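Please look over the model below with these notes beside it. They take up a pair of strands and the sheet around it, then a second sheet, and then the ligand site.

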Amino acid sequence: MQSNIQVIRIEPSKGWVSVQLQELWAYRELLYFLIWRDVMVRYKQTALGAAWAIIQPLFTMLVFSLFFGRLAKIPSDGIPYPIFTYAALVPWTFFSQGLSLASNSLVGSANLIKKVYFPRLCVPIAAVTSGLIDFAIAFTMLIAMMLYYGIFPGVKVMWLPVMLLLTLITSLGVSLWLSALNVHFRDVRHIIPFLTQLWLFATPIAYPSSLLSEPWRTFYSINPMVGVVEGFRWALLGAETAPGPMVMVSFLAAIAILVSGLFYFRRLEKTFADVV
Amino acid sequence: MGDIAIRVEEIGKRYRLGKAEKYKTLRDTLASAFTAPFLKVGRLLRGEAANDTTQDEQIWALREVSFEVRQGEVIGVIGGNGAGKSTLLKILSRITEPTTGFAEIHGRVGSLLEVGTGFHQELTGRENIYLNGAILGMTKKEIDRKFDEIVAFSEVEKFIDTPVKHYSSGMYLRLAFAVAAHLEPEILIVDEVLAVGDAGFQQKCLGKMGAVAKEGRTVLFVSHNMGAITQLCGRAVQLEKGRLTRSGSAGEVVAAYLSSVAGTELKSSWSDESSKPNSSEVQFKSARLLSVDEQPLSITNFNESVLVEIAYEVKIPIRNLSVTCLLYDSMSRLVFESMDTDMSEWNGRVREPDVYRATTKIPPSLLRPGRYQLTFAAFIEGVKVIARLDRVLAFDVSGVGYTLQPKRDGIVSPVLDWTVCRFSEHERMV
Ligand SMILES: Nc1ncnc2c1ncn2[C@@H]1O[C@H](COP(=O)(O)OP(=O)(O)O)[C@@H](O)[C@H]1O
Ligand SMILES: [Mg+2]
């Protein structure tokens, strides 16, 4: 036997517990396999496979362009309306899909949770991150549209990873809250379609946030998806003014959601195996 | 040798009952989708327990359990159904937390509470080996290294790139066990997973377990197979209603256990007042299994039928009440569900308050030899479940009278009437 045997102490925990990121790191390979499984299964099950990732934002874009762009003549900061709304729909679809997949992920993995030990955080994290493939596919469509409209982003595109990070933080934060809540209140998944619907219209996807005048516009970015959407548009489509303060506010809000989500999740985690 | 591998000190585990309400109807769910979130959020904010407080019964699945396991020791855990064995293993595997006490684990733990955890139907055998291996705690490198060995052990080489949804249950099991058998932790925790599969495969698995034990690893092993316990384990502990009641050499503990439970280990009747689910509408009175000559039964032969009898009291007039009986096999697969209103004139009628007794017969030559458990539930069709008795009865089907060739798959093994005739003869007859 080895001399450096690790000793684990198992005892009841009380109240708030630490997030234990180092343990999550130790289980990164399992996390990778769970993401891989989600991706494999998604593409094996649907006949349309990859096309599905484009169809959803594309059709929403068509509908929005027709009703909001053509008929209601909603302004779009001087950018052609279809690409104005599609650039927002790409991160939005990632967010809303992540939400619906992740919120049911723990209940869906009940079998695993009751029979194996691993940091439960892996489950919603895998559900959210597996959506990145769909995101990438939808993004290629966005590039095609940019070529079509002759829009070239310039050096600002360097900020794109930052915006993507903001999207990830937001999705993950909200997903952690919802997935943990859903274990105890199975009704949560019924309010998710409703929640995403409301959130969609509370985010400047069909309209520009420039409809609001300043302090309000920045204040509005407490909804982190506002920063995401305006950030994507700015980095890719070249809206004139940098949405710096908005993105900052959104980042702060997103981090607050993520950190509180992590702690809330960890607090409920010990009950998952008994209740799920 | 000599060093402690597992130390369990005054461990207790309390479960809330009435929480796991699996039978939720759509109507209930929809109705509560509008009202419940607000009520619950209110409760949550006030810091009260999140679940419905109406059925807040609690049980201690484990109570003040203490023992030690030395490194390299193979220790068996025995006890009847609901004794708390699985709960103990779950705590030691860190799947659930104890309510009281603590445990110390010295070394890397691998636990096997079920074979095939995380297997995905859509993925191929190869993909599932990697997924399941990772879930059981193996690294990708480790799986790469053992891959060929795992495939060979599973005997499914030819189908390794076929999605497992096309596997027979036997192949599925062999593959799942093959992955598990190649776990190499310092401490191995195994629940009753060897009770499945055909006899030949079980023997192979026990052989593998024995090999693991000989390599000097610590093993904690739950089984109903007393032969396996005495054969593999040096020491054993016995749990009874959550308490550790015996501990000593495997031979002694098994002998004492067998003589204490002689004949009563498998429940064939239930009428325990304390565990009765309380409902103001329907109350279960008793449930029994009888042989054809009306004797209480806990073991039956393959070619004999089993009578199921359930008595329940209806307290207020109810329309559309049914009592359903669910039979599970040793792998917790649902074999069938049958309702007392399937045939009778009671279907759709109002039940006036009274005590009802429903009996039925499970036909002979249907259930494969093995262990079965029965669950009963009283419900109103499409509306709600009123009362539920989870796995209250259990019985064994012995191999006596089983004349089919042994190797076959499927949940049941009915003896069907086959007619085979030669085509040429058939032609001549027409
Ligand atoms: N998640 C749970 N919620 C409520 N009760 C549970 C839960 N898991 C197990 N129990 C109860 O705890 C007791 C011990 O169960 P278990 O450890 O599975 O027994 P065994 O494995 O010895 O058959 C049983 O009475 C069972 O009903
Ligand atoms: Mg058990």
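**Notes on the sheets and the ligand site**

1. B:Val237 has B:Ser247, in strand 9 of chain B, as its bridge partner. Strand 8 (residues 235–240) and strand 9 of chain B run antiparallel to each other and are joined over six bridges; strands here are DSSP runs of E of at least two residues, helices are runs of H or I of at least four residues, and both are numbered from the N terminus. Two strands are taken to pair if DSSP finds at least two bridges between them.

2. This is a predicted model, in which local features need pLDDT of at least 70 and side-chain atom pairs count only at pLDDT 80 or more, while totals for chains, interfaces and linings use all residues. Residues are numbered from 1 along each chain as its sequence is written, chains are lettered from A and ligands numbered from 1 in the order in which they are written, and side-chain values use heavy atoms, with hydrogens and water left out.

3. In chain B, an open sheet of six strands with mixed pairing follows the order 5-6-7-3-8-9. Its edge strands are strand 5 (109–112) and strand 9 (243–249) of chain B, each of which pairs on one side only.

4. A further open sheet in chain B, of five strands and also with mixed pairing, has the order 12-20-19-15-16. Strand 12 (299–301) and strand 16 (334–339) of chain B each have a single partner strand, so one side of each is left without a neighbour in the sheet. Within chain B, strand 15 (residues 321–328) and strand 19 (residues 370–380) pair in the antiparallel sense over eight bridges, and B:Leu326 stands opposite B:Thr375 of strand 19.

5. Ligand 1 is surrounded by residues from chains A and B, so the site is shared between chains. Of the 14 residues around ligand 1 (a residue is near if one of its heavy atoms lies within 4 Å), those that come nearest are B:Gly82, B:Gly84, B:Lys85, B:Ser86 and B:Thr87. Helix 2 (85–92) of chain B is one of the elements that supply at least two residues of this shell, and with three residues helix 2 of chain B gives the most.

6. Among the polar contacts (pairs of N or O atoms within 3.5 Å), an oxygen atom of ligand 1 lies 2.5 Å from an N or O atom in the side chain of B:Thr87. On the chain A side, a backbone N or O atom of A:Asp274 is 3.1 Å from a nitrogen atom of ligand 1.

Methods
Polar contact = N/O pair within 3.5 Å; in protein donor to acceptor, adjacent residues only side chain to side chain.
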